[in-house]
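Subject: Handover of a structure, with notes on what was found

Dear colleague,

I am passing the structure below on to you, together with my notes on what was found in it. Please read the notes with the coordinates open beside them.

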Amino acid sequence: MTLTVADIAGAIGGRLLSGDGAAAVSGISIDTRTIVPGELYVAIRGERLDGHDFVEAALAAGAAGVVINRPMGHLPPAAISGRALIVVPDTTGALQRLARWVRRRSGAQVVAVTGSAGKTTTKETAAAFLGLRHRVMRSSGNLNNHIGLPLSLLELRHGADVAVVELGMNHAGEISRLVAIAEPDVRVWTNVAEVHLEFFGSIEAIADAKAEILEGATGKTVLVANADDPRVMARTAGFAGTLVTFGAAQGATVAAADIESLGIDGMSARVDAGGETVRLRVPLLGRGNLQNVLAGIAVARLFDVPLEAIAERAASLRPAPHRGDVIRLAGGVTVVDDAYNSNPRALDGALAVVAGERRFARRVAVLGEMRELGEPSVALHEACGRTAAGSGLSLLVTVGGVPARAMGRAAVEAGMPGAQVRHADTSAEAAEIVAREARAGDLVLVKGSRGVATERVVERLVAAFAASRGSFDVSPEPGRAKAEDRRS
């Protein structure tokens, strides 16, 4: 799909102040550090920075033009000579309108995934299965907000049969806005959990906000919903389109039975889908990831991907970075790197995997504070502490503030010896504790909210024990406009 200046101006309702409307642009950028000559720069006003302050830098870097929300008379004539200047009332809204215009023109089917947990794994899994038979575009990382989603949809100009994207939120109304941009043909709702609870007040309010995924549906829209989550299912009644379900519940469209945990080697289950049955073995940890895979299967079956081919592909799936990645170190220590994020449900699932492992001399957990849980935060951390106490741990290290300390105290009160529970205010401190205490034969789970940066513990262990698979970079990528965030 070739984008011209005139196409873009028309799609976003902009006024072309200068430049050739017939000129083609090679792409869209919101970041002058990564812009490529020939791309159109959209000046986004963010929380901390205003893209209009970088317009001159964009032009100097070879931008074909800029989208701005006000005339910029201070620009040198030489800088704007032959370049397109498009003025709109709101540049973020313009980016979103352009993305929807490209999405419509592309002819692609759009699959949108939301839920409190498992969105990225579900997205990656569905894309992997769909790729067996179709050209697939999937959003990078978790580009799931009001800026990241439009940037993902703009990639449809390169051609694809199916797009798989994430829809994230931390406030009511955000999913509604994203649905209006993506206009998804297939909507996937993974689950509801205590994530960003401080912004909602109750888990029922979270479920209501997630239910915005149902908005704007027609008779042709398909909803893929978690049959094992009562809050999800309670809100699907009256859905305008076709309902497809997944889970272990009896009667699910894609149903799992004879479920077996393989510890850190993954999960196994018999899967029934549309009258066909296959034995599935997935190298992803825990029942939560099995549900993500079932959701991916449900999506792929809608696009006529054979079940046997799906099962074969499932056996080679790999976790996204810091989402249950198993690292076997040359020093005899095995690390489960689940440092990307955490919430009570996900933590309980990770501890269940550790508790079920009997192949290691010791089991160790480094558990970071879970952020944005609001008033119930301490009580939720205490509940997780009690779960940790029953998980057969030889060492528990909690990381963070008051809630993390409460988690450790609850573990001791539930029967875990006090000498086996440590606390660190920071992940750097926790890293030194674990590097000093860990020894050959240990299984170490590392999990925490992103703001706690528990990936530093993983880095320290890799440095101390030398990863047999090689080193890796866990540093966050910078960005002027926040296209990627930790919304759920």
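The notes that follow begin with the chain as a whole and then turn to particular elements and residues.

To begin with the origin of the coordinates, this is a predicted model, and the mean pLDDT of the chain is 93, with 95% of the residues reaching 70 or more. The exception I would ask you to keep in mind is the stretch of residues 468-481, where the pLDDT is below 50, although in the model this stretch has 26 contacts beyond near neighbours in sequence. Where pLDDT is low, the predicted coordinates should not be read in detail.

As to the overall form, the secondary structure of the chain comes to 16 helices and 22 strands, and the C-alpha trace spans about 70 × 55 × 45 Å along its principal axes. For 488 residues a compact globule would have a radius of gyration near 23 Å, and the value of 24 Å found for the chain agrees with that. Buried residues make up 56% of the chain, while the accessible surface comes to about 19100 Å², with 49% of it belonging to carbon and sulfur atoms. Of the contacts with a separation of 6 or more, 66% are between residues 24 or more positions apart.

Helix α4

The 16 residues of helix α4, residues 91-106, should span 22 Å at 1.5 Å a residue, and the end C-alpha atoms are indeed 22 Å apart. At the N-terminal end, Asp-90 acts as the cap, with a side-chain oxygen 3.2 Å from the backbone nitrogen of Thr-92; at the other end, the helix is followed by Gly-107, whose phi is positive, near 80 degrees. The buried residues of α4 include Thr-91, Thr-92, Gly-93, Ala-94, Leu-95 and Gln-96, and further along Leu-98, Ala-99, Val-102 and Arg-103.

Two residues with 0% relative accessibility

Ala-112 is found in strand β8, residues 109-114, and counts as buried because its relative accessibility is 0%, under the 20% limit. Leaving aside neighbours within four places in sequence, Ala-112 is in contact with Val-165, Leu-167, Pro-184, Val-186, Arg-187, Val-188 and Ile-213. Asn-144, which is 32 residues away from Ala-112 in sequence, lies 9.8 Å from it in space, C-alpha to C-alpha.

Met-407 has its place in helix α14, residues 402-413, and is likewise buried, with a relative accessible area of 0%. Once neighbours within four places are left aside, the contacts of Met-407 are with Leu-347, Leu-367, Gly-368, His-381, Cys-384, Gly-385 and Thr-398. The C-alpha atoms of Met-407 and Leu-445 are separated by 16 Å, with the two residues 38 apart along the chain.

Two asparagines

Asn-343 lies in the loop between β18 (334-338) and α12 (344-355), and with a relative accessible area of 8% it is buried. The side chain of Asn-343 reaches the backbone nitrogen of Arg-345 at 3.1 Å. Not counting residues up to four places away in sequence, Asn-343 touches Ala-117, Ala-193, Glu-194, Val-195 and Met-370.

Asn-289, by contrast, is placed in helix α10, where it counts as buried at 14% relative accessibility. A polar contact of 3.1 Å joins the side chains of Asn-289 and Asn-292, and, with neighbours within four places left aside, Asn-289 is in contact with Thr-121 and Leu-284.

Positive phi outside glycine

Most residues other than glycine have a negative phi, and on that account two residues deserve a look. Asp-304 has a positive phi near 65 degrees and lies in the loop between α10 (286-302) and α11 (307-314). His-322 also has a positive phi, of about 65 degrees, although it is not a glycine, and its place is in the loop between α11 and β17 (325-328). Which of these is buried and which is exposed? Asp-304 counts as exposed, at 64% relative accessibility, whereas His-322 is buried, with a relative accessible area of 13%.

With kind regards

Notes
Residues numbered from 1 in each chain as written. Heavy atoms only, no water. pLDDT = per-residue confidence, 0-100. Contact = heavy atoms within 4.5 Å. Helix = DSSP H or I, 4+ residues; strand = E, 2+ residues; numbered from the N terminus. Expected span 1.5 Å × (residues − 1). Buried < 20%, exposed > 50% of the residue type's maximum accessible area, 1.4 Å probe, protein only. Polar contact = N/O pair within 3.5 Å; in protein donor to acceptor, adjacent residues only side chain to side chain. Rg over C-alpha atoms; globule rule 2.2 N^0.38 Å. Areas by Shrake-Rupley, 256 points an atom, 1.4 Å probe, with all protein chains shown as cover.
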